[in-house]
Amino acid sequence: MKKVLFAVAVTSMMGTSAVQADQGEDMYNALGCSGCHGVAGKSSIPTYPTLAGKDAAWIAQQLKDFQSGARQDATMNAMAPMTAGFEQAIADYLSAQ
Ligand code: HEC
């Protein structure tokens, strides 16, 4: 019974892009990204770039580049590893704002 419930949970997590976008929103808020980049990626502080409405593929790539060190920023090099596996979901969410 537990196995069945687990399978259902995983399937729903991997489901439609709408579900993924919800997950991206949850991750964005849970990881504290909004503390710098603003609610829904709409930053009001010039130091922190606005992420809302930017190209999803580009955002996901920045997160991967911060993880690998291909793009250097002390803060984001520390934050980006926490998005591992959720880069695209977070990017889809932000792009849609
Ligand atoms: C403590 C503040 C802070 C937090 C928290 C933070 N960021 Fe950032 N973020 C920055 C700064 C500063 C930059 C600009 C870095 C640079 O100039 O290269 C940045 C850049 C970015 C960029 C590239 C945007 C661009 O216009 O070049 C993305 C994408 C991004 N952050 C996503 C995230 C995500 C997703 C999270 C949560 C996991 C997060 N950030 C958490 C401060 C923060």
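These legends walk through several close-up views of one predicted model.

Residue numbers start from 1 along each chain as its sequence is written, and side-chain values use heavy atoms, with hydrogens and water left out. Since this is a predicted model, local features need pLDDT of at least 70 and side-chain atom pairs count only at pLDDT 80 or more, while totals for chains, interfaces and linings use all residues.

**View 1. The whole protein is built from six helices and zero strands.**
Reading from the N terminus, the elements go α-α-α-α-α-α. Helices (H or I, at least four residues) and strands (E, at least two) are DSSP runs, numbered from the N terminus. Of the 97 residues in the protein, 29% are buried; buried means under 20% relative accessible area, exposed means over 50%, and partly exposed is in between, using a 1.4 Å probe and protein chains only. Take the contacts (heavy atoms within 4.5 Å) between residues at least 6 apart in sequence: 51% of them join residues at least 24 apart.

**View 2. Here is the iron atom of the ligand, with His-37 and Met-76 coordinating it.**
The protein atoms doing the job are NE2 of His-37 and SD of Met-76, at 1.9 to 2.2 Å. Donors here are N, O and S atoms within 2.8 Å of the metal (3.2 Å for Na, K and Ca), and water is not among the atoms, so sites may look incomplete. The six donor atoms around the iron subtend angles of 86 to 178°, which makes the arrangement octahedral. For that label, six donors need opposite ones over 155 degrees apart and all others between 65 and 115. His-37 sits in helix α3 (residues 34-37) and Met-76 in helix α5 (residues 74-79), so the pair links distant parts of the chain, 39 residues apart. Both His-37 and Met-76 are buried.

**View 3. Step back a little and 21 residues surround the ligand.**
A residue makes that list if one of its heavy atoms lies within 4 Å of the ligand. The closest are Cys-33, Cys-36, His-37, Arg-71 and Met-76. Now for the polar contacts, meaning pairs of N or O atoms within 3.5 Å; within protein, one must be able to donate a hydrogen and the other to accept it, and residues adjacent in sequence count only if both atoms are side-chain atoms. A polar side-chain atom of Arg-71 is 2.8 Å from an oxygen atom of the ligand. Lys-54 has a side-chain N or O atom 3.2 Å from a ligand oxygen. His-37 turns up again, with a polar side-chain atom 2.7 Å from a nitrogen atom of the ligand.

**View 4. This one shows the largest nonpolar core, with 16 residues.**
A nonpolar core is a set of buried Ala, Val, Leu, Ile, Met, Phe, Trp, Tyr and Cys residues joined through side-chain atoms within 4.5 Å. Tyr-28, Ile-59, Ile-90, Ala-91, Tyr-93 and Leu-94 touch the most other members. Helices α2 (17-30), α4 (56-68) and α6 (87-95) each supply at least two residues of this core, and the largest share, five residues, comes from α4. In soluble globular proteins, nonpolar side chains tend to be buried together.

**View 5. Zoom in on Met-27 in helix α2.**
Met-27 is buried, with a relative accessible area of 17%. Setting aside residues up to four places away in sequence, Met-27 touches Met-82, Phe-86 and Ile-90. Counted that way, Ile-90 touches Gly-24, Met-27, Tyr-28 and Thr-83. Met-27 and Thr-83 are 56 residues apart along the chain, yet their C-alpha atoms are separated by 7.7 Å.

**View 6. The loop between α3 and α4 holds Ala-40.**
Ala-40 counts as buried because its relative accessibility is 11%. Leaving out neighbours within four places in sequence, Ala-40 is in contact with Tyr-28, Ala-52, Tyr-93, Leu-94 and Gln-97. Ala-40 has a positive phi of about 60° although it is not a glycine. Most residues other than glycine have a negative phi. Ser-43 is also in the loop between α3 and α4, and Ser-43 is buried at 18% relative accessibility.

**View 7. Last up is Ser-95, in helix α6.**
Ser-95 is partly exposed, with a relative accessible area of 25%. Apart from residues up to four places away in sequence, Ser-95 touches Gly-53, Lys-54, Asp-55, Ala-56 and Ile-59.

Notes
Four donors count as tetrahedral if all angles lie between 85 and 135 degrees; four count as square planar and six as octahedral if opposite donors are over 155 degrees apart and all others between 65 and 115; anything else is irregular.
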